[in-house]
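Visitor: I should like to learn how the features of a protein model are read, one after another. Please take me through the structure shown here.

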Amino acid sequence: MESKKKHKVFVEGPISPPFIADAIAKHNSKTNIGAHSLFLGQVRNDRVGEQEVVAIEYTSYQEMADDKFYEIREDAFKKFPLICMHIYHSLGLVKSGEISLFVFTSSVHRKEAIAACEWIVERIKNEVPVWGKEILSNETSQWKLNT
Amino acid sequence: MHILANYLTEFKNSNMEISVLVFGQITDITGKGSLKFTDIKSTGELYQLLLKTYPQLESIKYLMAVNKKIIHENTMLMDEDTIALLPPFSGG
């Protein structure tokens with residue numbers, strides 16, 4: 001079963017659009033899939049006073065994060081009738097406009113894929129030990145707060 | 001014999017070492033990502049020592065994890081435990 005695989009979640013730097021396209025293409029052979037749901041988190045150029053966010057630098061407690069990603073994955077397969085799921089999260093520098101989180105769920109029908117995708121994103125935001133440092137246009141920085 | 005036993009206990013205690021991993025905004029306060037402490041017996045004791053060493057921690061909300069598991073109450077520590085200081089997560 002796909003759920004037993006402990007795949008690598010963290011990627012260094014941004015997640016590129018061709019990588020995402022390729023991830024979709026790889027599912028051509030799984031013809032029992034009827035629906036994919038994708039979430040893409042993009043670094044936003046928030047205004048901070050006179051400055052704006054030009055990039056986010058991500059760091060993680062990687063050992064704990066890997067355990068957490070695995071737990072979320074196992075739970076997602078128990079909770080939703082998924083055919084497969086993939087999570088990719090950036091580490092290091094990701095510029096505004098680039099993708100830092102990619103969650104990809106697939107199922108027979110749309111509702112399960114959509115619900116699972118949202119549920120996984122919320123769990124990642126709340127439970128995975130990753131921190132974003134916002135780099136501002138004047139080269140100062142501040143720690144990101146998730147809303 | 002008694003004295004020797006005491007000595008051995010002391011010796012053993014003084015060898016107890018824990019690692020503290022520091023993340024996010026807390027690294028701005030400690031200036032480094034990992035710290036070592038000896039003879040700390042509980043997370044409560046560690047919390048107090050950290051506060052004394054880095055008074056700015058007072059204003060930071062954070063959780064502790066012992067060997068990758070988040071704890072919510074005072075927890076006894078063992079030799080070679082790894083404690084992580086986790087400010088609010090901001091991934092994604």
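**Reading strands, cores and pockets**

Guide: Let us begin with a single pair of residues: His89(A) stands opposite Leu101(A) in β6(A). Please keep in mind throughout that this is a predicted model.

Visitor: How many bridges join β5(A) to β6(A), and do the strands run parallel or antiparallel?

Guide: The two strands run antiparallel and are joined by seven bridges. They form a hairpin with three residues between the strands, where Gly97(A) takes a positive phi near 95 degrees.

Visitor: With which strand does β6(A) pair over eight bridges?

Guide: That strand is β2(A), and the pairing is in the antiparallel sense. Within β6(A), Phe102(A) is the residue opposite Leu40(A).

Visitor: Is β6(A) mostly covered or mostly open?

Guide: Burial is judged residue by residue, with under 20% relative accessible area as the cut-off. For β6(A), nine of its nine residues are buried, and the strand is mostly covered.

Visitor: Let us turn to the nonpolar cores. Which residues of the largest nonpolar core touch the most other members?

Guide: This core has 27 residues, and those that touch the most other members are Phe69(A), Ile87(A), Val103(A), Ile120(A) and Ile124(A). In chain A, at least two residues each are supplied by the strands β4 (51–60), β5 (82–95), β6 (99–107) and β7 (130–136), and by the helices α2 (62–79) and α3 (110–127). Apart from this core lies another, of 22 residues, including Val20(B), Val22(B), Met64(B) and Val66(B).

Visitor: What is Phe69(A) in contact with, leaving aside its neighbours within four places in sequence?

Guide: Its contacts are Val9(A), Phe10(A), Ile87(A), His89(A), Ile124(A) and Val128(A). Two of these names have appeared already: Ile87(A) and Ile124(A) are also among the core residues that touch the most other members.

Visitor: Why does Lys68(A) count as buried?

Guide: The relative accessibility of Lys68(A) is 18%, and therefore it counts as buried, since the cut-off is under 20%. Lys68(A) lies in helix α2 of chain A. Not counting residues up to four places away in sequence, Lys68(A) touches Glu127(A) and Val128(A). A further relation links distant parts of the sequence: Lys68(A) and Pro129(A) are 61 residues apart in sequence, yet 8.4 Å apart in space, C-alpha to C-alpha.

Visitor: How should one approach the empty space in a model?

Guide: Rolling a probe the size of a water molecule over the atoms shows where empty space is left. In this structure, the largest pocket holds about 570 Å³ of space. It is lined by 29 residues, of which Lys125(A), Lys144(A), Leu145(A), Asn146(A) and Thr147(A) are the closest to its centre.

Visitor: Which elements give two or more residues to the lining of the largest pocket?

Guide: They are β2 (35–42), β4 and α3 of chain A. The largest share, four residues, comes from α3(A). By class, the lining of this pocket divides into 14 nonpolar, eight polar and seven charged residues.

Visitor: What is the volume of the second largest pocket, and which residues line it?

Guide: Its volume is about 150 Å³. The lining consists of Thr43(B), Gly44(B), Tyr47(B), Tyr62(B), Leu63(B), Met64(B), Ile71(B), His72(B), Glu73(B) and Asn74(B). In chain B, α3 (43–53) and β3 (63–66) each supply at least two residues of this lining, and α3(B) gives the most, with three. The classes are five nonpolar, four polar and one charged.

Visitor: In what order do the elements of chain B run?

Guide: From the N terminus on, the order is α-β-α-β-α-β-β-β, with three helices and five strands in the chain. Buried residues make up 41% of its 92 residues. Of the contacts in chain B with a separation of 6 or more, 50% are between residues 24 or more positions apart.

Visitor: Why is strand β1 of chain B described as largely enclosed?

Guide: Five of the six residues of β1(B), residues 17–22, are buried, so the rest of the structure largely encloses the strand. Five bridges join β1(B) to β2 (residues 34–38) of chain B, and this pair runs antiparallel; here Ile18(B) stands opposite Phe37(B). Four bridges join β1(B) to β5 (residues 82–86) of chain B, and this pair runs parallel. There, Leu21(B) has Ala84(B) as its bridge partner.

Conventions
Residues are numbered from 1 along each chain as its sequence is written. Chains are lettered from A and ligands numbered from 1 in the order in which they are written. This is a predicted model: local features need pLDDT of at least 70, side-chain atom pairs count only at pLDDT 80 or more; totals for chains, interfaces and linings use all residues. Side-chain values use heavy atoms; hydrogens and water are left out. A nonpolar core is a set of buried Ala, Val, Leu, Ile, Met, Phe, Trp, Tyr and Cys residues joined through side-chain atoms within 4.5 Å. Buried means under 20% relative accessible area, exposed over 50%, partly exposed in between (1.4 Å probe, protein chains only). Contact means heavy atoms within 4.5 Å. On a 1 Å grid over the protein atoms alone, a cavity is a set of points where a 1.4 Å probe fits but cannot get out, and a pocket is an open set with protein on both sides within 12 Å along at least five of seven lines; lining residues have an atom within 4 Å of a point. Grid points are joined across faces, edges and corners, and a volume is the space filled by probe spheres set on the points. Ala, Val, Leu, Ile, Met, Phe, Trp, Tyr, Cys and Pro count as nonpolar, Asp, Glu, Lys and Arg as charged, and the others, Gly among them, as polar. Two strands pair if DSSP finds at least two bridges between them.
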